[in-house]
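Here is a short set of exercises to work through with the model open in your viewer. Try each task before you read its solution.

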Amino acid sequence: MAKFYGVIGFGSSVETVPGVWEDVLIERPYYGDVLQNIRKFDRGDKVISDLVVQNIISVIADPYAMDHFFTIKYVAWAGALWIVDSVTVARPRLMLRLGGVYNGPTA
């Protein structure tokens with residue numbers, strides 16, 4: 001089992017001015033394990049396929065992560081930012097299932 005150390009991006013929507021909402025993101029470092037390491041290409045209707053991973057990363061969660069697991073947007077792993085498709089709470093750990101490359105705002 002491979003080890004993991006990287007940042008997890010948490011985001012929440014904040015109303016900056018009336019009617020305008022923006023994502024405010026923070027990054028926090030975590031340790032854990034890479035439980036599953038799978039890659040695939042999403043062929044779809046595109047000429048160039050998208051790279052998608054179906055990895056599961058298990059991180060040791062602190063109280064902040066346990067309280068805000070529903071706001072996790074991305075994980076920095078293997079030199080890229082990856083979308084977190086789902087989070088499973090298995091105290092004291094969080095199991096993060098990764099998807100495609102994250103191209104949104106960062107902290």
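The exercises below move from strand pairing to aromatic pairs and then to single residues.

This is a predicted model, in which local features need pLDDT of at least 70, side-chain atom pairs count only at pLDDT 80 or more, and totals for chains, interfaces and linings use all residues. Residues are numbered from 1 along each chain as its sequence is written, and side-chain values use heavy atoms, with hydrogens and water left out.

**Exercise 1. Placing strand β6**

Task: Find the strands that pair with β6, and in which sense.

Solution:
- Step 1. Start with the vocabulary: strands (E, at least two residues) are DSSP runs, numbered from the N terminus, and two of them pair if DSSP finds at least two bridges between them.
- Step 2. On one side, β6 pairs with strand β1 (residues 2-17) in the antiparallel sense, over three bridges. Here Ile 8 is the residue that stands opposite Val 75 in β6.
- Step 3. Strand β7 (residues 80-90) also pairs with β6 in the antiparallel sense, this time over four bridges. Opposite Ala 76 stands Leu 81 in β7.
- Step 4. Now check burial (under 20% relative accessible area is buried, over 50% exposed, partly exposed in between; 1.4 Å probe, protein chains only). In β6, which spans residues 72-77, five of the six residues are buried, and the strand is mostly covered.

**Exercise 2. A turn with an unusual phi**

Task: Which residue in the turn between β6 and β7 has a positive phi?

Solution:
- Step 1. The two strands form a hairpin with two residues between them.
- Step 2. Within that loop, look at Ala 78. Its phi is positive, about 55 degrees, although Ala 78 is not a glycine.
- Step 3. Ala 78 has a relative accessible area of 62%, so it is exposed.

**Exercise 3. Following the chain into β8**

Task: Which strands pair with β8, and over how many bridges?

Solution:
- Step 1. β7 and β8 pair in the antiparallel sense over seven bridges. As one bridge to look up, Ser 86 has Arg 97 in β8 as its partner.
- Step 2. The link from β7 to β8 is a hairpin through two residues. Pro 92 sits in this loop, ahead of β8 (93-101), and a cis peptide bond with omega of about 5 degrees joins Arg 91 to Pro 92.
- Step 3. Strand β5 (residues 56-60) pairs with β8 as well, in the antiparallel sense and over five bridges. Val 59 has Leu 94 in β8 as its bridge partner.

**Exercise 4. Aromatic pairs**

Task: Describe the geometry of the pair formed by Tyr 5 and Tyr 31, and say what the pair ties together.

Solution:
- Step 1. Rings of Phe, Tyr and Trp (its six-membered ring) pair if their centres lie within 6.5 Å; planes under 30 degrees apart count as stacked, over 60 as edge-to-face and the rest as tilted.
- Step 2. The structure holds five aromatic pairs. In the one asked about, the Tyr 5 and Tyr 31 rings are 4.6 Å apart centre to centre, with 45 degrees between the planes, and the pair is tilted.
- Step 3. Tyr 5 belongs to β1 and Tyr 31 to strand β2 (residues 20-36), so the pair ties together parts 26 residues apart in sequence.
- Step 4. Both rings belong to exposed residues: Tyr 5 has 52% relative accessibility, and Tyr 31 has 57%.
- Step 5. To finish, find Phe 10, Tyr 30 and Tyr 64, which form one aromatic cluster.

**Exercise 5. Two buried polar residues**

Task: What surrounds Asp 33 and Asn 55?

Solution:
- Step 1. Asp 33 is in strand β2, and its relative accessible area of 9% makes it buried.
- Step 2. Its side chain makes a polar contact with the side chain of Lys 3 at 3.0 Å. Such a contact is a pair of N or O atoms within 3.5 Å; within protein, one must be able to donate a hydrogen and the other to accept it, and residues adjacent in sequence count only if both atoms are side-chain atoms.
- Step 3. Next, list contacts (heavy atoms within 4.5 Å). Beyond four places in sequence, the residues in contact with Asp 33 include Met 1, Phe 4, Ile 57 and Arg 93.
- Step 4. Turn to Asn 55, in the loop between β4 (50-53) and β5. Asn 55 counts as buried, at 0% relative accessibility.
- Step 5. Leaving out residues up to four places away in sequence, Asn 55 touches Gln 36, Asn 37, Ile 38, Trp 77, Leu 96, Arg 97 and Leu 98.
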